[in-house]
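Me: I'd like a close look at one part of this protein, the side-chain contacts around a single strand. Could you take me through who pairs with whom there, and how buried the partners are?

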Amino acid sequence: MNENEALLVVERGPVPSTQVPLTSEQLTIGRSAGNDLVLADPEVSRRHVRIVRRADGFAAEDIGSTNGTFVNGQRISHLTLLQDGDTIDLGDTVRLRFMSLAPVPPATPVNLADKPTEQIAPVVYQAEAPAAPRPASPVRPAPAPARPAPAPARPSSPPPAPAYTPPPSYTTEPPRRGRGLWVGCGLLVALLLVCAGTFLVLDAYEQGQILYCGALRPLFQVVLGPFGFAPVCP
């Protein structure tokens with residue numbers, strides 16, 4: 001390989017449009033001053049990535065960066081072979097592009113006269129035999145009409161309600177008048193007896209005459225007169 005077979009172009013970062021030829025066996029890139037390519041950017045680690053020359057070309061390898069190295073948008077963790085036009089992103093702010101300057105080998109011309117001519121066998125097309133007529137399919141008899149479904153049975157009428165029978169009436173006997181009359185008479189007799197007894201007791205102690213001859217004399221005459229009690233008033 002020649003010394004100017006490839007180079008790196010800074011597309012985005014602290015020093016845009018910078019071109020770095022890949023002339024040594026490896027090229028280290030980072031933020032510290034000991035690197036071959038110093039990029040003073042906060043996204044770039046002190047030792048971020050290195051570009052290594054190999055027999056089959058150049059490869060990129062991340063060397064323990066914090067924000068990662070991405071080749072064509074894919075983060076790498078080991079040696080990754082680079083192709084012409086690949087992008088190398090360091091974090092989110094720095095982008096490098098790998099440019100291969102190796103000449104493309106010319107295409108080898110092909111002499112058609114040296115190749116034997118292939119003979120193409122003619123293709124013979126044979127007419128297809130006419131297809132035999134298909135036998136007519138037997139005519140199937142028409143299906144018999146379906147019988148109508150029987151009408152659903154009507155629900156039977158409910159049984160008649162039983163005739164209303166009025167409850168039996170209970171007649172109460174009118175109160176007997178004779179019982180009330182006897183009760184009233186008994187109470188009256190008891191009252192008379194009480195009054196007579198009271199008068200007799202008071203008369204025995206000479207108090208009945210005072211009571212009889214007082215304001216209640218008409219009452220005593222009506223009550224005690226029929227029994228023969230008629231004290232003499234002074």
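Reply: Sure, let's start with E61, which counts as buried at 18% relative accessibility. The cut-off for buried is under 20%, so E61 makes it into that class with its 18%. Keep in mind that this is a predicted model.

What does E61 meet? Its side chain forms a salt bridge with the side chain of R50, at 2.7 Å from N to O. E61 sits in strand β6, which covers residues 57–62, while R50 belongs to strand β5, residues 49–54. The two are 11 residues apart, and the pair links distant parts of the chain. R50 isn't in the buried class like its partner: at 26% relative accessibility, R50 counts as partly exposed.

Stay on strand β6 and you'll also find F58. This one is half of an aromatic pair with F98, and a search of the whole structure turns up one such pair. The geometry of F58 and F98 is tilted, with 5.9 Å centre to centre and 55° between the planes. Since F58 lies in strand β6 and F98 in strand β11, the pair ties together parts that are 40 residues apart in sequence. As for accessibility, both F58 and F98 are buried.

So strand β6 hands us on to strand β11, where F98 lies. Strand β11 runs over residues 94–100 and also holds R97. The side chain of R97 meets that of E11 in a salt bridge, 2.3 Å from N to O. E11 is in strand β1, residues 6–12, and this pair again links distant parts of the chain, 86 residues apart. Neither end is in the buried class: R97 counts as partly exposed at 23% relative accessibility, and E11 is partly exposed too, with a relative accessible area of 37%.

There's one more contact worth a look, between R95 and D89. Their side chains meet in a salt bridge at 2.7 Å, N to O. Here the acid is the buried end, as D89 has a relative accessible area of 8%. R95 is partly exposed, at 26%.

To put the salt bridges in context, a search of the whole structure finds four, and those I've walked through include E61 with R50, E11 with R97 and R95 with D89. Back at your strand, then, the picture is this: strand β6 reaches strand β5 through E61 and R50, and it reaches strand β11 through F58 and F98.

Technical notes
Residues are numbered from 1 along each chain as its sequence is written. This is a predicted model: local features need pLDDT of at least 70, side-chain atom pairs count only at pLDDT 80 or more; totals for chains, interfaces and linings use all residues. Side-chain values use heavy atoms; hydrogens and water are left out. Helices (H or I, at least four residues) and strands (E, at least two) are DSSP runs, numbered from the N terminus. Buried means under 20% relative accessible area, exposed over 50%, partly exposed in between (1.4 Å probe, protein chains only). Rings of Phe, Tyr and Trp (its six-membered ring) pair if their centres lie within 6.5 Å; planes under 30 degrees apart count as stacked, over 60 as edge-to-face and the rest as tilted.
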